[in-house]
Amino acid sequence: MNLEARKLSLVQEFLRIDNENIIGALEKFLHKSKSDFFEQNLKPKSLQQFYQEIDQALEDEKNSNLVSVNYLKDKIQKWS
């Protein structure tokens with residue numbers, strides 16, 4: 001069974017669950033597994049990449065290529 005078929009099978013099985021405790025346990029397991037996977041695959045940036053990103057941020061600021069915090073807050077409040 002390939003990965004896509006396995007995912008479909010898992011989703012179908014999940015949809016048949018009617019126990020809130022099992023759903024909660026699965027959610028907790030999924031979040032923990034994703035977090036562990038991320039931490040295991042996290043690699044530090046090189047100093048060169050770090051400096052390039054700082055230079056890009058300064059260039060963006062210089063060219064007014066920014067989004068204000070207030071603008072983002074207003075957008076988020078409209079989501080509800």
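Start by selecting residues 3-15, which make up helix 1. Those 13 residues reach 18 Å from the first C-alpha to the last, close to the 18 Å expected at 1.5 Å a residue. Keep in mind as you click around that this is a predicted model.

**The start of helix 1**

Now add Asn 2 and Glu 4 to your selection. Asn 2 caps the N-terminal end of helix 1. To see how, find the side-chain oxygen of Asn 2 that lies 3.1 Å from the backbone nitrogen of Glu 4.

**The largest pocket**

Next, go looking for some empty space. Rolling a probe the size of a water molecule over the atoms shows where empty space is left. Here, the largest pocket has a volume of about 310 Å³.

Which residues line the largest pocket? Select Leu 10, Val 11, Glu 13, Phe 14, Ile 17, Leu 26, Glu 27, Phe 29, Leu 30 and Ser 33. Try colouring them by helix: helix 1 and helix 2 (20-41) each supply at least two residues of this lining. Helix 2 gives the largest share, with five residues. Then switch to colouring by residue type, and you should get seven nonpolar, one polar and two charged.

**A pair of rings**

Time to hunt for aromatic rings. How many aromatic pairs does a search of the whole structure find? The search turns up one, and its partners are Phe 50 and Tyr 51. A pair of aromatic rings is described by the distance of the centres and the angle of the planes. For Phe 50 and Tyr 51, the centres are 5.9 Å apart and the planes sit at 50°, so the pair is tilted, a label that covers angles neither under 30 degrees nor over 60.

Are these two rings tucked away? Phe 50 has a relative accessible area of 42%, so it counts as partly exposed. Tyr 51 is partly exposed as well, at 46%.

**Along helix 3 and past it**

Select residues 47-62 to show helix 3. Its 16 residues should span 22 Å at 1.5 Å a residue, and the end C-alpha atoms are 23 Å apart, which agrees. Just after helix 3, stop at Ser 64, where phi is positive, at about 55°.

**Last stop: Val 69**

Finally, pick Val 69 in helix 4 (residues 69-77). Is Val 69 buried or exposed? With a relative accessible area of 53%, Val 69 is exposed, because the cut-off for that word is over 50%. Now draw a distance from its C-alpha to that of Leu 30: the two atoms are separated by 32 Å, and the residues are 39 apart along the chain. You have met Leu 30 already, in the lining of the largest pocket.

Key: Residues are numbered from 1 along each chain as its sequence is written. This is a predicted model: local features need pLDDT of at least 70, side-chain atom pairs count only at pLDDT 80 or more; totals for chains, interfaces and linings use all residues. Side-chain values use heavy atoms; hydrogens and water are left out. Helices (H or I, at least four residues) and strands (E, at least two) are DSSP runs, numbered from the N terminus. The expected span of a helix is 1.5 Å times one less than its number of residues. A polar contact is a pair of N or O atoms within 3.5 Å; within protein, one must be able to donate a hydrogen and the other to accept it, and residues adjacent in sequence count only if both atoms are side-chain atoms. On a 1 Å grid over the protein atoms alone, a cavity is a set of points where a 1.4 Å probe fits but cannot get out, and a pocket is an open set with protein on both sides within 12 Å along at least five of seven lines; lining residues have an atom within 4 Å of a point. Grid points are joined across faces, edges and corners, and a volume is the space filled by probe spheres set on the points. Ala, Val, Leu, Ile, Met, Phe, Trp, Tyr, Cys and Pro count as nonpolar, Asp, Glu, Lys and Arg as charged, and the others, Gly among them, as polar. Rings of Phe, Tyr and Trp (its six-membered ring) pair if their centres lie within 6.5 Å; planes under 30 degrees apart count as stacked, over 60 as edge-to-face and the rest as tilted. Buried means under 20% relative accessible area, exposed over 50%, partly exposed in between (1.4 Å probe, protein chains only).
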